[in-house]
Amino acid sequence: MDLAYLRAHPQHLPTFLTHQRIRETPVGGGHVCTASRLTLDDGASLFTKTWPPGGAPEHFFATEAAGLQWLRQARTVPVPDVIVALPEMLALEWIDPGEASPAAAERFGRELAGLHRRGAEAFGAGWPGFIGPLPQDNTPSGGPWGSWFAERRLLPYLKISADSGALSPADVAAVEEVIHRIQRYGGDEPPARIHGDLWPGNVLWGADGRAWLVDPAAHGGHRETDLAQLALFGGAPYLETIMRAYAEEWPLADGWRERVPVHQLHLLLVHTAAFGAAYRGAVTAAADAALGK
């Protein structure tokens, strides 16, 4: 099996894997899916993702494929090409990993601004949503951003986190206060074309000297959400360089620094909803910062 054959017959990939007709090498680092590198007969490599035994949720891989293709259509930040999208697996162009550098970070900042400028028809998307292992409501909305973000990006994961005990009643009350104040945090910009899950682990620094976007929860949203997520969990390499280059291409509205914790709450609540109380402190810190405490 070579790449041309696989593009023409993507449905055959699981059969070839089952019968060990393709060399498969495990790839570490996945939090939800099992990842592998496949080497085809023509020497081409692919990156594949499969769900653990039991099967992926309906539309899971189709959603990721749609998001990747939508981001790729912008022709700004590089995005791996989708080779195979089946209910049980996703296979993408293989990107040789490299090291982050100031030059790559500057280029990434400028290209990310270009991606966001391509915009979206509405908040949300035209395909079902997932973020990590959890569903995400992508029903298109005309906004305004604040009410959409509160209803579709904060409240669902706050409820899951509260029901599971990952957040205490006091924690929940703090986030609810942020939601109550949501209109004070700006957001009058039109929908941007965003990655939607842009924590630093979803930026792949390639051997080609560019930063690639992977594992998106792509949709129309607020561009500050992507930028705020880049600062989470230790922050992206050369984050100040990324932000400076971004601002030179498309300056952010006044007060964006104070809004960072509001935008971070979405992904942090996803973590308490999906992975439990280990992320409770990060949620409460973001809520307190958003409230000026």
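# Notebook: salt bridges, a sheet and a cavity

I began with a pair of charged residues: the side chains of Lys 159 and Asp 163 form a salt bridge at 2.7 Å, N to O. For a salt bridge I required a side-chain nitrogen of Lys or Arg within 4 Å of a carboxyl oxygen of Asp or Glu. I note that this is a predicted model, where local features need pLDDT of at least 70 and side-chain atom pairs count only at pLDDT 80 or more, while totals for chains, interfaces and linings use all residues. Residues are numbered from 1 along each chain as its sequence is written, and side-chain values use heavy atoms, with hydrogens and water left out.

**Entry 1. Salt bridges**

I placed Lys 159 and Asp 163 in helix α5 (residues 145-164), where they are 4 residues apart, about one turn of the helix. Helices here are DSSP runs of H or I with at least four residues, strands are runs of E with at least two, and both are numbered from the N terminus. Lys 159 and Asp 163 are both exposed. On the scale I used, buried is under 20% relative accessible area, exposed is over 50%, and partly exposed is in between (1.4 Å probe, protein chains only).

Next I looked up Asp 171 and Arg 280, whose side chains meet in a salt bridge of 2.4 Å, N to O. Asp 171 belongs to helix α6 (residues 169-180) and Arg 280 to helix α10 (residues 280-290), so this pair ties together parts 109 residues apart in sequence. Is Asp 171 buried or exposed? Its relative accessibility is 6%, so I entered Asp 171 as buried. Arg 280, at 36%, counts as partly exposed.

I then found Glu 111 and Arg 210 joined by a salt bridge of 2.6 Å, N to O. Glu 111 sits in helix α4 and Arg 210 in the loop between β9 (203-205) and β10 (211-213), so the pair ties together parts 99 residues apart in sequence. Glu 111 has 11% relative accessibility and is therefore buried.

I also noted a network of salt bridges that links Arg 7, Arg 72, Asp 81 and Glu 93. How many salt bridges does the rule give? The count comes to 16.

**Entry 2. The sheet**

Glu 93 led me to strand β5, where it is the bridge partner of Leu 46. Strand β3 (residues 45-50) and β5 run antiparallel and are joined by 5 bridges. I took two strands as paired if DSSP finds at least two bridges between them. Strand β4 (residues 82-86) also runs antiparallel to β5, with 4 bridges. Leu 86 stands opposite Met 89 in β5, and β4 and β5 make a hairpin with 2 residues between them. Of the 5 residues in β5, 4 are buried, so I wrote the strand down as mostly covered.

In what order do the strands stand? The sheet is open and has 5 strands in the order β1-β2-β3-β5-β4, with antiparallel pairing. Its edges are β1 (23-27) and β4; each has a single partner strand, so one side of each is left without a neighbour in the sheet. Neighbouring strands are turned by 20 degrees against each other on average, direction ignored. For angles I used lines fitted to C-alpha atoms, for helices over the stretch in contact, and angles run from 0 to 180 degrees between N-to-C directions.

At the β1 edge, 5 bridges join β1 to strand β2 (residues 34-39), and the two run antiparallel. Pro 26 stands opposite Ser 36 in β2. Helix α3 (residues 60-73) packs on the sheet and touches β3, β4 and β5; its direction makes about 25 degrees with that of β5. Contact means heavy atoms within 4.5 Å.

**Entry 3. The loop after β5**

I followed the chain to Pro 97, in the loop between β5 (89-93) and α4 (102-117). Pro 97 is exposed, with a relative accessible area of 53%. Leaving aside neighbours within four places in sequence, Pro 97 is in contact with Leu 204, Trp 205, Gly 206 and Ala 207. From Pro 97 to Ala 211, C-alpha to C-alpha, is 9.7 Å in space and 114 residues in sequence.
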